[in-house]
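Hello,

Here is the structure I promised to pass on. Please open it first, then read my notes below.

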Number of protein chains: 2
Amino acid sequence: MAKKKEIVVQKFGGTSVANAEKIKRAAQRAINEFDQDRQVVMVASARGKQTDELIRDALEVNPNPPKREMDQLLSTGEQQTVSLVAMAIEAAGHKAISFTGSQIRMVTDSVHTKARIKSIDTKRLKKVLDEGNIVIVAGFQGIDENEDITTLGRGGSDSAVALAAALKADTCDIYTDVDGIYTADPRIFKDAVRLEQISYDEVLEMASLGAGVMHGRSIEFGKKYNVVIHVRSSMSDKKGTLITHEVPQMEGILVSGATIEKNLAKVALIGVDNKPGNAAKVFAHLTGAKVSVNDIIQTEVSKQKANISFTVSKNDFADAKKAVEEIKTKVGCEGVFYREDIAEVSIIGVGMRTHYGVANMMFSTLAKEKINIDSITTSEIRISCIVDKDQGDKALVAVCKTFELDKPVDKRSYVK
Amino acid sequence: MAKKKEIVVQKFGGTSVANAEKIKRAAQRAINEFDQDRQVVMVASARGKQTDELIRDALEVNPNPPKREMDQLLSTGEQQTVSLVAMAIEAAGHKAISFTGSQIRMVTDSVHTKARIKSIDTKRLKKVLDEGNIVIVAGFQGIDENEDITTLGRGGSDSAVALAAALKADTCDIYTDVDGIYTADPRIFKDAVRLEQISYDEVLEMASLGAGVMHGRSIEFGKKYNVVIHVRSSMSDKKGTLITHEVPQMEGILVSGATIEKNLAKVALIGVDNKPGNAAKVFAHLTGAKVSVNDIIQTEVSKQKANISFTVSKNDFADAKKAVEEIKTKVGCEGVFYREDIAEVSIIGVGMRTHYGVANMMFSTLAKEKINIDSITTSEIRISCIVDKDQGDKALVAVCKTFELDKPVDKRSYVK
């Protein structure tokens, strides 16, 4: 029996296939992998601004378009891309075949515009791969049990990682306009360096902090199904960043990256009656108002009273305020305090689990810079400090220097 | 049991759904029928010039795009239209649902870009109609047994007539930019009148003469499955022309319409050896060269020699010439004569079957106008004369006057 070939799944976003030239370039990337004796499945998005244009077309005929029809409409964008990529590959002399979500039986639930994948039938995919085709699959779409077209929520697990899992691919290459994941945002910390490798958990923490690398559910999916995700540039052949399971050497790295989140507001309920069920009452009310709450801090200030504070995205701030004003008297709250002039600076690293003193290094760095900490929250692999917004960038840079995020991990003084 | 509702299938071409305003107008037409307690299935094409734009996109990445991928690409145009029409209908307060060819199991053969319909599964269609939905179906597309998307040849039987047949619809309304079928082209015979009714056979003869009313196979399909086809204007509510089976009163009408075809060339092989198989040799060679031959005339000129002449569309003229030059010596041909300066004027009417003297009326009309007839061909319900091109329009007008094609049929002096 022939040796089983490596399988690579490649994902190209809309900007990477925006015009004929870029489509040809994406086609060439697929061919390059194919020529190294790999089986190649490419997942592509709609070209450039096309999704936006289709949404505009829809709003012209219906200000509140039904979601089923929206999916029927928007799925055409990716369908166009994949057929064009297949044509470009054929033009270069290779066999190619494009598929819609429906054609590969990417079965989802029926939650239109944010469907979740239930199953993928890889039979046909494997057959055409074995026949020597490069396969191009329309991203972000599937079909429900009724044969209705669905689209996957932008924050949902994406088709590429799901396909890589279903095909047991050796790698899922995500082509983007950056060449990998950096220790920090280079626009703020200009000496930030690209990470060669990072764990799913670390990227998940970064994603939840808004560091926009990849959507959380894709990472979760990759973690669950052991898909090695390779974030790399669509403009160069350089290796990017591998997202993998935690490997032993990661433990020696105290901090893999640092992030800053500025699109935040803080709500503090002062002097809430300190009795069971009051916090639940507040957050149930916020959930009812569809407000998504981030970090929560509750502290007892006396036997009778407690303070409850939390952060929300600025987009939810108006709704959060309204909800809090409605509920505050019902929990005996003495006053509410809102802040919009904040930033949250975080450090992330699986090494924190086994190393003490990381929090202390961060706090003393901020103290040395005379940056006041409004509040602190932590997870097992993350420490976040809320600071004044106008001190946010300075705080990030200081923290990056302390943890030597301008150096590759093997060059840092604290790494064993 | 409730009385079975009437079913109407409506077909809208690309120009009738080219923008938001026209989409809303098409939506309103569907609603109007629905409000008269009918079940409505609309079949729509891609918006305006969209198919052309997609073809251009394809050619940018591949000058010779594979047909399967072309179908995958072009089918998106109609899918966009139908979802937008469904949205527009919902915006007007009615239930609507759009389907692709795949979703209604419009199964075709696998001849990409000119597939033919094999079967339609009306189960889901009927279900959603019974649930009170207006249904919008993407035209010109289907799916083969491999789940590959196909598109129907533009000259193929179209989805609307096929759906009307499958649903046993009461009528198939074809919305176009003209308000029906006329006795002659009003650009040439300005007094031409709209026909209220015409038979499938007559329209078939007109279509084969290039009168561009509807594609031949749609009419054949309608005839075979008893679909009443209503050609009408997308800009007005007026009744158009019904295409139906022949009804007894049509027999009294000598001529229903007259046409002129100018996109023709004539090829005459002079002095071909008059022996069995020579004509077959000529036409087999033309078929091999993919030349589509129209009317053929063969006449013996002596015991030894015969003349063979035929007409072809100008698009095929170069190929026809090449093929004839290749074959001519093999059939002992003494000379070939080509003409491009011709026009074919025809009269069509099922009444000819039972009335003598129609041909004579036509020939004497042309004689009176001093128009020379190059050649004559006939079918059971058609007489065609080839004349000099610069006399074509004059010939058409004269013939129209003779057969009173400026009057509704019941006002003509010769109609019993």
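What is the mean pLDDT of chain A, and what share of its residues reach 70 or more? The mean is 92, and 97% of the residues of chain A reach 70 or more. Keep in mind that this is a predicted model.

Confidence varies by element. Among the elements of chain A, strand β3 (residues 96-99) has the highest mean pLDDT, at 98. Helix α7 (residues 216-224) of chain A has the lowest, at 86. For the complex, the predictor gives an ipTM of 0.82 and a pTM of 0.83.

Next, how the copies are arranged. A turn of 180° and a shift of 0.0 Å along the axis lay chain B on chain A, with an RMSD of 0.1 Å. The two copies are therefore related as by a two-fold rotation axis. In chain B, the C-alpha nearest that axis belongs to B:T76. It lies 2.6 Å from the axis.

Now the contact. Chain A gives 27 residues to it, and chain B gives 27 residues. On the side of chain B that touches chain A, three elements give two or more residues: α1 (20-35), α2 (50-61) and α3 (67-91) of chain B. The most comes from α3(B), with 13 residues. By type, the residues on this side of chain B are 12 nonpolar, 9 polar and 6 charged.

Why do the copies meet through the same surface? Because 100% of the interface residues of chain B are also interface residues in chain A.

Best wishes

Conventions:
Residues numbered from 1 in each chain as written. Chains lettered and ligands numbered in written order. Predicted model: local features only at pLDDT ≥ 70, side-chain atom pairs only at ≥ 80, totals over all residues. Contact = placed C-beta atoms within 7 Å. Helix = DSSP H or I, 4+ residues; strand = E, 2+ residues; numbered from the N terminus. Nonpolar A, V, L, I, M, F, W, Y, C, P; charged D, E, K, R; others polar. pLDDT = per-residue confidence, 0-100. Least-squares fit on C-alpha atoms with pLDDT ≥ 70 in both.
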